[in-house]
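Student: Hi! I'm new to this one and would like a friendly tour. Could you walk me through it?

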Amino acid sequence: MLEVLIIGAGPTGLYAAFLAGLRKLNAAVIESAGEAGGQLTAVYKDKFIYDIPGFPKITALDYIKEQVKQLDRFKDEIPFYYDNEALEINRKEDHFEVITNKQTLLTKNILIAHGGGGFVPQKLKLDKEYDNVLYFVKDLTIFKDKKVAVLGGGDSALDWAVSIADNGGNVTLVHRRNEFRALPSTVEEFKEKGTILTPQLVEGVIGEEKIAKKLVLKNAETKELSELDVDYIVVNYGFVLSKSKLAEWNIEGDKGLINVDSRMQTSQPGIYAAGNGVNYMGKVKLISVGQGEAAIAIQAIANNLYPERNNSEHSSSLIKE
Ligand SMILES: Cc1cc2nc3c(=O)[nH]c(=O)nc-3n(C[C@H](O)[C@H](O)[C@H](O)COP(=O)(O)OP(=O)(O)OC[C@H]3O[C@@H](n4cnc5c(N)ncnc54)[C@H](O)[C@@H]3O)c2cc1C
């Protein structure tokens, strides 16, 4: 059984996971998106941040990379489950059962670091689910010598198109407009490596069982229909925010924000919260503040679990190299 399950892998959840590792808690993290970073990777990955202590200037994406690197030390102890959205929280006698879209986890405590809500990928409208229509790419090697249609025109779509082509995929980028939101330099780079089809709308998919075989396209200007053979379809239409579940979880709050006490505990004993999703007088929505709240919450959880232990030892004494 877990001692703490962290919901959300934004900057708050990532730091909470690091501190849980430092305090030797049996922890895990679930994240509804396919990657870590929360708003930083979903909304403004290339923007510079100037107000993180110790980093005069760093892009949001690079900052998250540093956080993930910091967690490397605990990679064998603290599992991260991506594409796992917390749907239900059920209180049992002395623990909680958390049900995600993929699994059920049992934990003594929960730390909700869910920011403004779960980032879930905008889905392609299809009559049914296909195993080779992907919204997250975890393993680039699966695309070697495969016909891959990448859908979308933003930075993420173009970045994936380039990476998949670099890993031996035969990539066709399909976008509904002739113009791209992605960086022009990435579009130019991709043109050297794959094919671009615009302005093309996706009309549907022709498949067998759970495998998509062809993408049916309609030219947005001429209305002409065409078919594209595919082994994989990688959809990059951005994210939508999932609906707040606080009422269903019986956690008190206001306008989707969770009320917490000075130890970051919610109205439900054993359930803590930190980061952009919490509310108290004087709350400031900054990365550094959410991370401070994560430190308070992890400390409170460790003190409850191990009251006899010194849970406030500094990293400078705890880590010996
Ligand atoms: C454009 C922009 C610029 C900004 N610039 C700055 C800046 O310069 N400096 C600064 O300090 N702050 C800045 N911020 C604010 C900063 O991004 C937030 O304070 C920070 O992201 C909060 O982190 P968080 O981890 O609490 O929440 P989030 O970053 O929102 O992360 C929450 C994570 O939880 C996941 N999640 C939610 N619900 C579930 C669920 N049910 N199951 C599983 N996972 C779930 C989400 O998918 C998400 O990944 C900026 C914000 C924006 C939008």
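Tutor: Happy to! Domain bounds here come from an automatic or database domain assignment. This is a predicted model, where local features need pLDDT of at least 70, side-chain atom pairs count only at pLDDT 80 or more, and totals for chains, interfaces and linings use all residues. Residues are numbered from 1 along each chain as its sequence is written.

Student: How is the protein chain divided, then?

Tutor: Into domain 1 (2-120 + 240-318) and domain 2 (123-237).

Student: And how far apart are the C-alpha centres of the two?

Tutor: The centres of domain 1 and domain 2 are 33 Å apart.

Student: New topic: what surrounds the ligand?

Tutor: A shell of 34 residues, with Gly8, Gly10, Gly38, Gly115 and Gly275 the closest. A residue counts if its C-beta atom, placed from the backbone, lies within 6 Å of the ligand.

Student: Which helices supply at least two residues of that shell?

Tutor: α1 (11-22), α2 (39-42) and α6 (287-305) each do. Helices are DSSP runs (H or I, at least four residues), numbered from the N terminus.

Student: Cool. How do α4 and α5 pack?

Tutor: Helix α4 (residues 155-166) and helix α5 (residues 184-191) meet at about 30°, with axes 10 Å apart. Axes are lines fitted to C-alpha atoms over the stretch in contact, and angles run from 0 to 180 degrees between N-to-C directions.

Student: So what does that make α4 relative to α5?

Tutor: Roughly parallel, because angles under 35 degrees count as that.

Notes
Angles under 35 degrees count as roughly parallel, over 145 as roughly antiparallel, 65 to 115 as roughly perpendicular and the rest as oblique.
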